[in-house]
Amino acid sequence: MSDHILPGQKKPKLIVVVAFDRGDDGELFTAYGPTDQQSEERATRTAKGLSGQHVGVLAWSRDADPLLGDYGPPTVLFVSGEVPDME
């Protein structure tokens, strides 16, 4: 755990929404984002709103401390349609 997080203070989170479309070659490409979101709830709302406009939409989060390069595993918040595998 990071030393600069005070007791009772939440660990910072990276919360992202990204949408995909297919190119003429059939490959998925990023059509929207990735964009940082303020909360998991907002990311889910944004992703749901984009889901009717794109081939695939993904919202995910992970604990993150970029200053230390410390990142937790990603948690999928919302997925719709075709999205690439998360690596």
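A residue counts as buried here when its relative accessible area is under 20%. With that in hand, let's look at this predicted model. The protein has 87 residues, and 29% of them count as buried. Its secondary structure comes to one helix and five strands, strung along the sequence as β-β-α-β-β-β.

**The helix and its two sides**

- Start with helix H1, which covers residues 40-50: its buried residues are Ala43, Thr44, Ala47 and Leu50.
- Look down the axis of H1 and those buried residues fall within an arc of 130 degrees, so they line one face of the helix.
- Flip to the other side of H1 and you'll find Glu41 and Arg45, which are exposed.
- What do the buried residues of H1 pack against? They pack against four strands: E1 (13-22), E2 (28-36), E3 (56-65) and E5 (75-81).

**The cores**

- The largest nonpolar core is made of nine residues. H1 residues Ala43, Ala47 and Leu50 are in it, along with Ile15, Val17, Ala19, Val57, Ala59 and Phe78.
- Three elements, E1, H1 and E3, each give two or more residues to this core.
- Another core, of five residues, lies apart from it; Val16, Val18, Phe20 and Leu58 are among them.
- Ala19, one of the nine residues in the largest core, has plenty of company: leaving out residues up to four places away in sequence, Ala19 touches Phe29, Thr30, Ala31, Tyr32, Leu50, His54, Gly56 and Val57.

**His54, one of those neighbours**

- Look for His54 in the loop between H1 and E3.
- Is His54 buried or exposed? Its relative accessibility is 19%, so His54 counts as buried, given that the cut-off is under 20%.
- Again setting aside residues up to four places away in sequence, His54 touches Ala19, Phe20, Asp21, Ala31 and Tyr32.

**The E1 and E2 pair**

- E1 and E2 run antiparallel, and six bridges join them.
- Within this pair, Asp21 stands opposite Phe29 in E2.
- The hairpin of E1 and E2 has five residues between the strands, and Gly26 there takes a positive phi near 90 degrees.
- Strand E2 also holds Pro34. The peptide bond that joins Gly33 and Pro34 is cis, with omega at about 5 degrees.
- For background, most residues other than glycine have a negative phi, and most peptide bonds are trans.

**Pro74, further along**

- Pro74 sits in the loop between E4 and E5.
- At 35% relative accessibility, Pro74 counts as partly exposed.
- How far apart in space are Pro74 and Asp63, C-alpha to C-alpha? They are 7.9 Å apart, with their positions 11 residues apart in sequence numbering.

**Surface, contacts and confidence**

- The protein has an accessible surface of about 5900 Å², and 49% of that belongs to carbon and sulfur atoms.
- Take the contacts between residues at least 6 apart in sequence: 50% of them join residues at least 24 apart.
- The average pLDDT of the protein is 87, and 86% of the residues score at least 70.
- Where is confidence highest, and where is it lowest? Confidence is highest in H1, at 97, and lowest in strand E4 (residues 70-71), at a mean of 81.

Key
Residues are numbered from 1 along each chain as its sequence is written. This is a predicted model: local features need pLDDT of at least 70, side-chain atom pairs count only at pLDDT 80 or more; totals for chains, interfaces and linings use all residues. Side-chain values use heavy atoms; hydrogens and water are left out. Buried means under 20% relative accessible area, exposed over 50%, partly exposed in between (1.4 Å probe, protein chains only). Contact means heavy atoms within 4.5 Å. Accessible areas come from the Shrake-Rupley method with a 1.4 Å probe; for residues, only the protein chains shown count as cover. The arc is that of the directions from the helix axis to the C-beta atoms. A nonpolar core is a set of buried Ala, Val, Leu, Ile, Met, Phe, Trp, Tyr and Cys residues joined through side-chain atoms within 4.5 Å. Two strands pair if DSSP finds at least two bridges between them. pLDDT is the predictor's confidence in each residue, from 0 to 100.
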